[in-house]
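Visitor: Please choose one part of this structure and examine it closely. I should like a connected account that begins there and then follows its surroundings outwards.

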Amino acid sequence: MKWRGGRQSSNVDDRTGRSSGSGGKLVAGGGIGTVIIAVLFFLFSGGDISSLPDVLGGNQAAGYQTENVSANEYTEEKEFSAVVFGHLEDYWQEVFQERQESYQDPTLVLFTDSVQSACGYATAQVGPFYCPADEHVYLDLSFANELASKYGASGDFAMAYVIAHEVGHHVQNELGITQQLEKIRQQVSPTEYNEYSVRLELQADYLAGTFAKYLAGETYQGQPILEAGDIEEAITAANAIGDDTLQKEYQGYVVPDSFTHGTSAQRVAWFNRGYQYGDLSHGDTFNESNLDLTNQ
């Protein structure tokens, strides 16, 4: 992806190298494998960070230790993230203008170590997340290295997909989808809500795909922004974070009723669908009976 020299978003709050204070506890019980799986399930969620204790199941304070990073480090990652965020602003403003609807840009919060959001306190281990309470996307700048080293999803567009997915949750918030799902959450069991959560996440993957489609038609200084292999990088990232893939890796078997984000095949399929159509009309995951999108 060509990004150097591109417009950087002004809606960036750089909190790197800053101590956020405790603010609240991220608690966990069980073995480290349980912690990793639950946190990974939450990496791309648009939910409340303070609900992580319920996801992890327990009340033992997690003894996380993270390295304080100088605010002067991650300079390239900061610039890249701000440029991607700028493209996302341009894209979604254009989409909502065509719909004759207003759109409020989210804020990108860059952090290392830990951060306090309106949804609660989180350490870097939580990874990127969107908080609908303050309409901020929170991005730990070390996550790109984690994505590449632990999950084999390297490349700048793998990270662009992650950011686009989180902004997709903001779009869902702007469209009122998040609020509708929160009402449903109060009416159904946690197991039943998992299915809705999967559909919410797959829709965010679809929206990330539409953004990729948009970038495929954009140029910078006369050169295409997307380069050979960029879409494959995003697909590799989507495949690496499927519920089934993560469960197989960390516990050796899958529990479909516990899925909250969709299988690897589903995540890839919905990203690809968004990239194929590049619109909002083909992204209704909530009324789709075949989430695998096979034979379509």
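Guide: Two elements are said here to be in contact when heavy atoms lie within 4.5 Å of each other. The model is a predicted one, and the protein comprises 10 helices and eight strands. The part chosen for a close look is strand 6, residues 136–140.

Strand 6 belongs to an open sheet of four strands, whose order is 1-2-6-5 and whose pairing is mixed. At the edges of this sheet are strand 1 (12–14) and strand 5 (129–131), each of which pairs on one side only. From one strand to the next, the twist averages 25°. In general, the strands of a sheet pair through backbone hydrogen bonds, in either a parallel or an antiparallel manner.

How do strand 2 and strand 6 run, and how many bridges join them? They run parallel, and the bridges between them number five. Within this pairing, Asp 140 of strand 6 has Phe 111 opposite it. Strand 2, which spans residues 107–111, is also joined to strand 1 by three bridges, and these two strands run parallel. In that pairing, Leu 110 of strand 2 is the residue opposite Asp 14.

The pairing of strand 6 with strand 5 is antiparallel and consists of three bridges. Here Tyr 138 of strand 6 stands opposite Phe 129. The two strands make a hairpin with four residues between them, and in its turn Glu 135 has a positive phi of about 60°.

Is strand 6 buried or exposed? Five of its five residues are buried, and the strand is therefore largely enclosed by the rest of the structure. Its side chains divide between two directions: His 136, Tyr 138 and Asp 140 point one way, while Val 137 and Leu 139 point the other way, and all are buried. For the protein as a whole, 52% of the 296 residues count as buried.

Two helices lie across strand 6. Helix 3 (residues 75–98) lies across strand 6 as well as strand 1 and strand 2, and runs at about 165° to strand 2. Helix 5 (residues 156–174) lies across strand 5 and strand 6, running at about 20° to strand 5.

Helix 3 leads outwards from the sheet to helix 7, which covers residues 190–216. Packed helices in general are described by the angle between their axes and by the distance between those axes. The axes of helix 3 and helix 7 come within 10 Å and cross at roughly 95°. Since angles of 65 to 115 degrees count as roughly perpendicular, helix 3 is therefore roughly perpendicular to helix 7. Helix 3 contributes Val 84, His 87, Leu 88, Asp 90, Tyr 91, Trp 92 and Glu 94 to the contact, and helix 7 contributes Leu 207, Thr 210, Phe 211, Tyr 214 and Leu 215. By class, the residues of this contact are eight nonpolar, two polar and two charged.

Helix 7 also holds Gln 203. This residue counts as buried because its relative accessibility is 8%, below the 20% limit. Apart from neighbours within four places in sequence, Gln 203 is in contact with Gln 172, Ile 177, Gly 283, Asp 284, Thr 285 and Phe 286. Arg 185, by contrast, is found in helix 6 (residues 177–185) and counts as partly exposed because its relative accessibility is 33%. Arg 185 and Tyr 196 are 11 residues apart along the chain, and their C-alpha atoms are separated by 8.6 Å.

Helix 5 and helix 7 meet again around helix 8 (residues 230–240): both are included in what covers its buried residues, as are helix 4 (143–151), helix 9 (243–251) and helix 10 (264–277). The buried residues in question are Asp 230, Ile 231, Ala 234, Ala 237, Ala 238 and Ala 240.

In helix 9 the buried residues are Asp 243, Asp 244, Leu 246 and Gln 247. Viewed down the helix axis, these residues fall within an arc of 165°, so they line one face of helix 9. After helix 9 comes Gly 252, which has a positive phi near 85°.

Finally, the contacts of the whole protein may be considered. Among contacts between residues at least 6 apart in sequence, 76% join residues at least 24 apart.

Methods:
Residues numbered from 1 in each chain as written. Predicted model: local features only at pLDDT ≥ 70, side-chain atom pairs only at ≥ 80, totals over all residues. Heavy atoms only, no water. Pairing = 2+ DSSP bridges. Axes fitted to C-alpha atoms, helices over the stretch in contact; angles between N-to-C directions. Buried < 20%, exposed > 50% of the residue type's maximum accessible area, 1.4 Å probe, protein only. Arc of directions from axis to C-beta. Parallel < 35°, antiparallel > 145°, perpendicular 65-115°, else oblique. Nonpolar A, V, L, I, M, F, W, Y, C, P; charged D, E, K, R; others polar.
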